Amino acid sequence: MNTIQSAAVLGAGALGLLYMQSIQNKLGESAYFLAGSERLESLIKTEYKINSQSIRFHARNPLQEDLNPELILVAVKNHHLESILPLLKAASGPSTIIISVLNGISSERILEEALPASTVLYAAALGMDAVKTGPDLTFSVKGKVLLGSRSNNKTEELTKAKEFLDSCGIMNETPQDIHRELWYKWMINIGVNQLSAVTGAGYGLFQKDPFLRKMMDEAMTETIEVAKAEGVDLTEADIKRWHSLLATLGGKGKRPCSRI
Ligand SMILES: NC(=O)C1=CN([C@@H]2O[C@H](COP(=O)(O)OP(=O)(O)OC[C@H]3O[C@@H](n4cnc5c(N)ncnc54)[C@H](OP(=O)(O)O)[C@@H]3O)[C@@H](O)[C@H]2O)C=CC1
Ligand SMILES: CC(C)(CO)C(=O)C(=O)O
């Protein structure tokens, strides 16, 4: 099996920058952001700072050149998804592996429908505390990518993508049932992100405020009920699993409210 020699990221936000830093370290110029003409120049010109270290990235426009990277990591917000499909269609081909780190349980199906020739893997990004302010990204923990195939089988594309993430130093796991893990992540977002939006609380408060923790757990318990109705066996133990992960996140000023 060939190893991945070219990779693109769509979305130079908190997660896109976090992953691109590692991917560019591995692939150099064969790693680039995908963008249309409205963002291309600024992506190329901007000097980003990642944990105070200056860094520049490459960017290419798939509407103007044939790219066909072997892997595309999609890291936009859910409400951007529809508008990036033309870029993805132009950039991808039959040998392209797509990984979407969007929160929620629907982006992979949307991508599969829009890009039937490519292979869409199922993924969730978990446990990072990355915050982007202007061109500056800061984080204290990088988290990990949970990765699987639609069938949950260890397909060639899954193995290839996993080996690539490993080679870039991007922590990842291939759980037995990726669909369950997507619901687990969705449960976390429902418990934390909305409450954070309403209260302004960051992880620090979620770690120690009993009232906030109670509301968070109640929202997660409701999500477990919805998951069960969908045939996904999330349990209270998954809430405990989240409590352990929450304890590892940097608490200072972090507001995970805008992630969904
Ligand atoms: N941040 C985190 O810690 C985590 C985030 N996630 C998920 O990852 C995804 C990304 O989150 P995050 O990085 O925080 O989001 P950001 O808002 O920081 O980044 C999204 C990026 O997408 C870019 N974008 C939007 N439309 C286009 C387009 N048409 N072409 C090119 N780029 C475009 C935006 O550019 P512009 O600003 O120019 O519009 C922005 O840079 C979300 O879906 C979120 O749910 C999952 C786990 C953790
Ligand atoms: C688990 C959590 C809340 C921590 O970064 C996250 O990954 C997100 O904000 O989506």
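Which residue of β7 is the bridge partner of V74? The partner is S100, and this pairing offers a point of entry into the architecture of the chain. The model discussed here is predicted.

The overall form may be considered before the details. The protein chain contains 9 helices and 12 strands. Its C-alpha trace spans about 55 × 40 × 30 Å along the principal axes. A compact globule of 260 residues would have a radius of gyration near 18 Å, and the value for the protein chain is 18 Å, so the two agree. Of the 260 residues, 51% are buried. Among contacts with a separation of 6 or more, 69% are between residues 24 or more positions apart. The chain exposes about 12100 Å², of which 51% is supplied by carbon and sulfur atoms.

Part of the chain carries an annotation. The unreviewed UniProt entry assigns "domain: Ketopantoate reductase N-terminal" to residues 8–134. This span is 33% helix and 28% strand, and its end C-alpha atoms lie 21 Å apart.

The strands discussed next belong to an open sheet of 8 strands with mixed pairing, in the order β5-β2-β1-β6-β7-β8-β11-β12. Its edge strands are β5 (59–60) and β12 (172–173), each of which pairs on one side only.

Within this order, the pairings can be followed from β1 onward. Strands β1 and β6 run parallel and are joined by 4 bridges; A7 has L71 as its bridge partner in β6. Strand β6 (residues 71–74) is in turn joined to β7 by 4 bridges, again in a parallel arrangement. On the other side of the order, β7 pairs with strand β8 (residues 119–128) in the parallel sense over 3 bridges, and I97 stands opposite T119 of β8.

The connections between these strands pass through helices. Strand β6, helix α3 (residues 81–91) and β7 form a right-handed β-α-β unit. From β7 the chain then crosses through helix α4 (residues 107–114) to β8, and this β-α-β crossover is also right-handed.

Strand β7 (residues 97–100) also merits attention for its side chains. I97 and I99 point one way from the strand, whereas I98 and S100 point the other way. All four of these residues are buried.

Helix α3 contributes further buried residues, namely L81, I84, L85, L87, L88 and A91. They pack against strands β1 (7–10), β2 (31–34) and β6, and against helix α4. Helix α3 thus has two roles in this description: as the helix of the unit formed with β6 and β7, and as a source of buried residues that pack against other elements, including α4.

A final position to examine lies in helix α1 (residues 14–27), which contains Q21. Is Q21 buried or exposed? Q21 counts as buried because its relative accessibility is 16%, under the 20% limit for that class. Leaving aside residues up to four places away in sequence, Q21 touches I50, I55, F57 and F139. Q21 and V131, which are 110 residues apart in sequence, are separated by 15 Å in space from C-alpha to C-alpha.

Terms used
Residues are numbered from 1 along each chain as its sequence is written. Chains are lettered from A and ligands numbered from 1 in the order in which they are written. This is a predicted model: local features need pLDDT of at least 70, side-chain atom pairs count only at pLDDT 80 or more; totals for chains, interfaces and linings use all residues. Side-chain values use heavy atoms; hydrogens and water are left out. Buried means under 20% relative accessible area, exposed over 50%, partly exposed in between (1.4 Å probe, protein chains only). Two strands pair if DSSP finds at least two bridges between them. A crossover is right-handed if, with the strands pointing away from the viewer, the path from the first strand over the helix to the second runs clockwise. The radius of gyration is taken over C-alpha atoms; the globule rule is 2.2 Å times the number of residues to the power 0.38. Contact means heavy atoms within 4.5 Å. Accessible areas come from the Shrake-Rupley method with a 1.4 Å probe; for residues, only the protein chains shown count as cover. UniProt positions are given in the numbering used here, feature names are shortened, and annotations may be inferred rather than shown by experiment.
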